[in-house]
Amino acid sequence: MANSKLLLLIHILFLSFSAFAEAEPLHSLLKDQNGEEEEKLPFVGVNIGTDVSNLPPASDLVAFLQLQKITHVRIYDANPDILKALSGTKIRVIISVPNNQLLAIGSSNATAASWIDRNVVAYYPQTLIAGISVGDEVLTTVPSSAPLILPAVESLYNALVASNLHQQIKVSTPHAASIILDPFPPSQAYFNQTLVSFMLPLLQFLSRTGSPLMMNLYPYYVFMQNKGVVPLDNALFKPLTPNKEMVDPNTLLHYTNVLDAMIDSAYFSMKNLNITDVVVLVTETGWPAKGDSKEPYATRDNADTYNSNLIRHVFDRSGSPLHPETTSSVFIYELFNEDLRAPPVSEANWGLFYGNSTPAYLLHVSGIGTFLANDTTNRTYCIAMDGFDSKTLQAALDWACGPGRANCSEIQPGESCYQPNTVKNHASYAFDSYYQKEGKSQGTCDFNGVAMITTTDPGHGSCIFPGSKRVSNKTKEVVNSTVSSSAGEKFRLKTFDSIKISAIHNVLHIFLAACLPTVLLVLL
């Protein structure tokens, strides 16, 4: 009898322990909660246009995004190669419905369902599709298609509901800033009255589904259209003295930059239509690094200043003057220079990088986390100065490639830096090769006074200067360091597992201490 009671006791304890051990691991619960928290934090993403002559293959593109610590991207279609390549990464992507597909999707629920099956269900959740942007600036670029927006958005949303993905994936449509009239002061802003019949039901949908108002906001264009009224420093997020800040006379809110004013003008415009719970998502913003004679402010320095300060502004999480508690996430326009775009010149020069993945200009983003490993603050190059005749430059070039032992193979005929075939271009490459080879030490960028140090990457197209190649070699070390990072992760998991085992022992001990006497009384 005693033996059977003892066996029963052991069986009870075994079942209790098994139930505890099979419960969902604590670390997975923590991971899920942290993941949810991470999603709510403001982020900086990038738009990826594809009008690029040497766009890398999708797998290389995704590897580059990971190297640069880019966590959010937006593409202008639902490119299957990119979506496949993003599988298994932590990069979140907004996919898009091109304007020419609005009619088919908006007029047929079956077509919308097929689009979701083909472009979302086929990839999610391995590929983290976070949203769908339906059309692009339809109200202002193709106003005849305005009646199609809401039906298309609703059809896609209903298809997501049918697949039980409507909570994870939001649907909206990007607008140009010009749908808002009288944007400053922001408190007086309102939606163009001719568009309210489309905007109000759309905003009601966004409110009902917890989706953002997507806005393409460019302080560059505000500045260009209001020169003499809007100071350049306000457009570039540069620090301002209080007397230079823009003040809304109705709210007395102070605006230190144009982007915040544009965001708040959207909030005030929505408030005028009694919509107060929709967040603004900036789907496009940026600054061109090069322009034609009519675009003198499209420069590398201004592009660097704008995008660097933008990134800092978002990661400061200071919100806007109207909503300091809410910081809008932004997508920088854009990742690569789209060199195949038609004029003006600025259209092909919005990118942070060239298509060959070398930086288009410096970004000063150190000290704000790991986003964009392309912090090139300390990168310098040696190039030929202007104003010297070809004979003088040729003599310096000959020395660099000869006694100086610079690597001049890339400026030979047919190689990537041969064009443009000028002495100045070839000399710049040779000077930089020597300068980098000598560790950028003092006096190695002189060449009898015809050379100068610059922080602007002189690379162009497929021509990568030695200074950029040296950085690329360093980035390989960053990639390799993920091995030790993974090892560290394994260590942390092992440590956590040991903690978890210890916790199980402790809980089992408590269970035995609390329950065993009672069980023994019942059984004995």
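I began with contacts along the chain in this predicted model, and found that, among contacts between residues at least 6 apart in sequence, 70% join residues at least 24 apart.

I then looked up the overall make-up, which comes to 16 helices and 15 strands, with buried residues accounting for 45% of the 524 residues. For the surface I noted about 25800 Å² exposed, of which carbon and sulfur atoms supply 57%.

Next I turned to the interior. The largest nonpolar core has 104 residues, and those that touch the most other members are Leu65, Ile95, Trp115, Val120, Ile132, Leu156 and Leu335. I followed valine 120 further and, leaving aside its neighbours within four places in sequence, I found it in contact with Ile95, Trp115, Ile129, Ile132, Leu160, Leu165 and Ile169. Apart from the largest core lies another one, of 23 residues, including Leu397 and Ile411.

Leu65 led me to helix α3, which spans residues 58-67 and in which Ala58, Leu61, Val62, Phe64, Leu65 and Leu67 are buried. Just after α3, I noted that lysine 69 takes a positive phi of about 60°.

Last, I traced the sheet, an open one of nine strands with parallel pairing, in the order β5-β4-β3-β2-β1-β13-β12-β9-β6. Its edge strands are β5 (170-172) and β6 (174-176), each of which pairs on one side only. Neighbouring strands in this sheet are turned by 25° against each other on average, direction ignored. At the β6 edge, I found three bridges to the parallel strand β9, residues 213-216, and there histidine 175 has methionine 215 of β9 as its bridge partner.

How values were computed. Residues are numbered from 1 along each chain as its sequence is written. This is a predicted model: local features need pLDDT of at least 70, side-chain atom pairs count only at pLDDT 80 or more; totals for chains, interfaces and linings use all residues. Side-chain values use heavy atoms; hydrogens and water are left out. Helices (H or I, at least four residues) and strands (E, at least two) are DSSP runs, numbered from the N terminus. Buried means under 20% relative accessible area, exposed over 50%, partly exposed in between (1.4 Å probe, protein chains only). Contact means heavy atoms within 4.5 Å. Accessible areas come from the Shrake-Rupley method with a 1.4 Å probe; for residues, only the protein chains shown count as cover. A nonpolar core is a set of buried Ala, Val, Leu, Ile, Met, Phe, Trp, Tyr and Cys residues joined through side-chain atoms within 4.5 Å. Two strands pair if DSSP finds at least two bridges between them. Axes are lines fitted to C-alpha atoms, for helices over the stretch in contact, and angles run from 0 to 180 degrees between N-to-C directions.
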